[in-house]
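Biologist: Hey, can you walk me through this one? I'm new to reading structures, so keep it plain.

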Amino acid sequence: MLSCILLVSIVVPFFGAFLLPVLGRVSRGLRPISALAFVLASLACSCLFIPSVLKGETVVFHMAFPLGLNLSLAADGLSVFMAITSALISAVIILYSFGYISHYENQNEYYTMVVLFLGSMMGLVFSSNLVFLYLFWEVTAVASWRLIGFFRERGFVQKADKAFLVTFLGALAMLLGFILLYRQTGSFDLSVVREYFQHAPFPGVVVVLVLAGIFSKSATLPFHTWLPDAGVAPSPVTALLHAAVLVKIGVYVFARLFVATFPLDVRWNEAVLIVAALSALVSAGAALRETDLKRIIAYSTISQIAFIFLGLASGTVVGLVGALLYILMHGLAKAGLFLCAGIVEQNTHTRDITKMGGLVKSMPWTAMAFLFCAVSVMGVPPFGGFFSKYMVIAGALGARPLAIVLVFLAGAVLTILYLLRAFNAVFMGEAPASPAKEGSPVMVGSVVFLGLLSLCGGVFIFYPSCFAQVAARQMMGAW
Amino acid sequence: MQMPVLWVPIAIPLLAAAALLSVPRRFLFAKEAVSLFAAALNLVAAWTLFGKEAVYAAPWAGLGAEFSLRLYHFSGFIMLAAACFGFFVLVYSVVFMRGKDHARSFFVFFLVSLSLTNGAVLADNLIVLLFFWEGLLLTLFGMIAIGRPQAFRTATKAFIIVGICDLCMMLGIGLAGHLAGTLAISAIRLPLDALGGLAFVLLVIGAISKAGSMPFHSWIPDAAEDAPLPFMAILPASLEKLLGIYFLARISLDMFRLTPASWASPFLMVIGCITIVAAVMMALIQKDYKRLLSYHAISQAGYMILGIGTCLPVGIIGGLFHMINHALYKTCLFLTGGSVERQAGTTNLEGLGGLARKMPATFACFLVAAASISGVPPFNGFFSKEMVYEAALERNFLFYLAAAAGSFFTAASFLKLGHAAFLGPLRQELKSVRETAWPMLLPMLTIAGICVFFGVNNSWPLEHLIRPVLGPLSAAGHGSPGVPGEHMLVIVTAVILLGAFLNHVAGAAMAGSGLKAIDHIYRAPVLSGIYEKAQRKVFDPYVAGMKIAENFAKFSAAVDRKMDVFYDKGIVAAITAAGHRLGRLHTGNYSTYIIWAVAGMLLALVFVAG
């Protein structure tokens, strides 16, 4: 029964996405509501696995195909955690889109691509077959390519191409790695591959190839520059793809492959951490110089992704729990920031923070939501980001060189600087000549909801932390 | 033993704050009534809990971070003190904030601060402590930002400085937890080796930055001018001092068990001495009532750190006694500053003078509190300072010298402040000034009364509040209450105070006004250069730090742009060039194509055969 639900949670949004244009013909109002319904269905399905995960069980679905292309799905702690996080954030973002996208053309394309994206995301997190993992990975790339270039201006389309090409080339490298694994083990199935490498050393070239894919998707140095450029997309898209969900794919695959399936040895982990530390610093510095609000938040994402790598590569349970919580808390808060930026952009008609100011008077709710999300990203209690930041740092302390942890601490300091700078420039100080008004109720409601979720994530840390601990123990122990 | 009652002091102010947010604006006085009621209830709760012992624990974030609270003598004492100040300052604020913008936000932040302080004091787990402790960042930011129109800049400065220190503390907590294998404060015992020492330093950064010590101080004088005045009286003057020194004492007495022989002792004493002298020198030259007081709030923290840093029982008792004394007289002083601001319309000393005739009660409170902070017997500050002196002298003459010099300048600057604001000729524009309203006067008078009581009857606070904190440690014979035992030190103190007075009289006579009484120090050969640099904020670590951050940002943005050029231009150019090259191979020559085809087939054969 549960294994069928596993399939349903992927199929509903994946194929439902293509129904949306048809439903849009029936009624314009039906399209966004069914989009939301598909995502909520997926969220509900994912939530059904919580009891089994807490019992330490893994729900699997298997369908045999020739050439090792078996469709095998598994719902363990890690994948259910990712699925719930992605679906929850996507649902809020779609709700926000009701207000945001309503006066643009090509809504068919928009809703189809967003829901398709979520569907393939669900497929990706539940896949336990490397080929299907790759397939879903590429579908997300195609969907994000269309969504980034949604406004169809020449420069925008070029930036969409850039995003697609960088992540696509990374994915090709990863596919090559998978094929090498197949040649050695004769299977794409993760459990078989894992069995094989219990007794054999894991080939370094595969690590490098797969890491190229992961770093390009998770926008880590030196493959990161597509992410700030992708800020030309509509704000809910940037929130969905480039803060909350898409960039977490790379992190997820790292956790799935290199933590849960074939743990990397210390030297690889430290190499990953050095790259991540550089990424955290350079992007945080760039965020402090940038004047485009959405680019600031995008650089911030690059910087925060590095903290997730810090937790994952720490090799400790505390670090892993921290990394999982980081995925959740950062997703909520960063989606909130991007959506706030969308409201600000729609009402001031600019993204340049030097041309804004004093908006707290005209947009108090947006300002509050922005501040809540920003302090959560900074890691200030009582917001959820506090616990995740503490845990990734505490997990790495003692397990990894102190110097690396100190670099991340510097990154955390810069996080405070650039987020406060952005907040002050947009919401505080003198108001510009043209007065702005608050966004539409559904949009403001969505961002306030995300801000409150960030707060609740900290106050009620017991629940997500409990779940993340089960997932982390499962990853460290038997799969 | 589970005692959910420990939730009460955290919940009362928090629920009241939530209630304030939900009360519609049109209900006049509702916000004042709710806040007053909550602060009074909080005081009752703290009073009831004082002297009792209880623990509470509940599962929380997991992995060692359980929600554990512990009430014992020390935490009960700090909580009671915080509740007292909370109540007094709130009574004062009810009138002070009337008719001001953001009054409701002020009360909400105020109550949340009380709740967070109670939580941090009760915490028996380092994560719980940090959770409440760092949460104060938000109320700090909020309370400063609702001040003057550009106050958000100061709020940002405060947020960044305190936030960075809290991050250091977070690292220290992670390290301490890793080394000790537990996060329970009462169970941690760590040696001061390489990593333990690092953890110690990081935790101390957290503690002394909360106490407002140098070099983490520079936001406080700015906030004194920009934030609403009761903010200064409640956070930097009392709650933050109590919290910072409380945690410093926990670190040095419980977690690391410092001895006079360890390097940590001179480390703390040096920080204390530098803070005492450097901050008081800055206080000396201030021309604003509130700003002058704020530098003393920094300087006095130095005495507490020095006292605890001596690692001698008398010094620790003196440091803790000074903590509570300072909170009393500094809160009182800030409140007098608020009265002057509200009644006279300015706190700029150049625009004040002769207010003693118009505001006699305020002046009386000022006199008591200023005498206390200057260490004049028989007020409370005298007794705690004498204890710190005694311990400092036992460690090294230099530490004593710095502390005594601090006393001289403290007295000098308060003579100047009192003279400039309250004495001298009454200015024409201040003719209509009246005494401040009684709800504002009452807290000042009460606190001034406590200052006198804690001085004249110092055995009561020492026996009931301070000495039980140390427990058997203080049985060593030091630090007995009553008249200080070291008569020599008392005589030196008297000479110093007399010197400060004569210095003031002479300076005032020379310059012709109380405000300019210390100008001869300001213009002294070496000092004038240092002062000039200090006023350009050359020594402000925040300014230097922001410059570094800015340069780093420039550098990394350049790196980032260069990488982007590689993608946007480099790769595009490479592919275009490759296309041109390959295009040239297509010559249209039939035989060339045949050679290509044959070579390709050969390669395929080799691959298949291989």
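Biologist: What helices and strands does chain A have?

Modeller: Chain A has 21 helices and two strands. Helices here are DSSP runs of H or I with at least four residues, strands are runs of E with at least two, and both are numbered from the N terminus. One caution: this is a predicted model, where local features need pLDDT of at least 70 and side-chain atom pairs count only at pLDDT 80 or more, while totals for chains, interfaces and linings use all residues. Residues are numbered from 1 along each chain as its sequence is written, and chains are lettered from A and ligands numbered from 1 in the order in which they are written.

Biologist: Why is chain A called as compact as a globular protein of that length?

Modeller: Its radius of gyration is 21 Å, close to the 23 Å that the globule rule gives for 479 residues, so chain A is as compact as a globular protein of that length. That radius is taken over C-alpha atoms, and the rule is 2.2 Å times the number of residues to the power 0.38. Along the principal axes, the C-alpha atoms of chain A fill a box of roughly 70 × 60 × 45 Å.

Biologist: And how much of chain A is buried?

Modeller: 64% of the 479 residues. Buried means 20 or more other C-beta atoms within 10 Å of a residue's own, exposed means 12 or fewer, and partly exposed is in between, with C-beta atoms placed from the backbone. Take α15(A), residues 317–348: 28 of its 32 residues are buried.

Biologist: Does the length of α15(A) agree with what it should span, and why?

Modeller: At 1.5 Å a residue it should span 46 Å, and its end C-alpha atoms are 45 Å apart, which agrees. The expected span is 1.5 Å times one less than the number of residues. After α15(A) comes His349(A), with a positive phi near 60°.

Biologist: OK, switching to chain B. What's in there?

Modeller: 23 helices and two strands. Its C-alpha trace spans about 115 × 60 × 60 Å along the principal axes, and 55% of its 610 residues are buried. The domain assignment, which is automatic or from a database, gives domain 1 (4–543) and domain 2 (560–609). The C-alpha centres of those two domains of chain B lie 74 Å apart.

Biologist: How do the strands β1(B) and β2(B) pair?

Modeller: Antiparallel, over six bridges; a pair needs at least two bridges found by DSSP. Val55(B) stands opposite Arg70(B) in β2(B). The hairpin has two residues between the strands, and Leu63(B) takes a positive phi near 55° there.

Biologist: What covers the buried residues of α1(B)?

Modeller: The cover includes α2 (30–49), α3 (73–96) and α4 (103–122) of chain B. Among the buried residues of α1(B) are Ile10(B), Ile12(B) and Leu20(B).

Biologist: Last thing: how many residues does each chain give to the contact?

Modeller: Chain B gives 36 residues and chain A gives 38. Two residues are in contact if their C-beta atoms, placed from the backbone, lie within 7 Å. On the chain B side, β1, α5, α6 and α22 of chain B each give two or more residues, and the largest share, 13 residues, comes from α6(B). That side divides into 24 nonpolar, eight polar and four charged residues. Nonpolar covers Ala, Val, Leu, Ile, Met, Phe, Trp, Tyr, Cys and Pro, charged covers Asp, Glu, Lys and Arg, and the others, Gly among them, count as polar.
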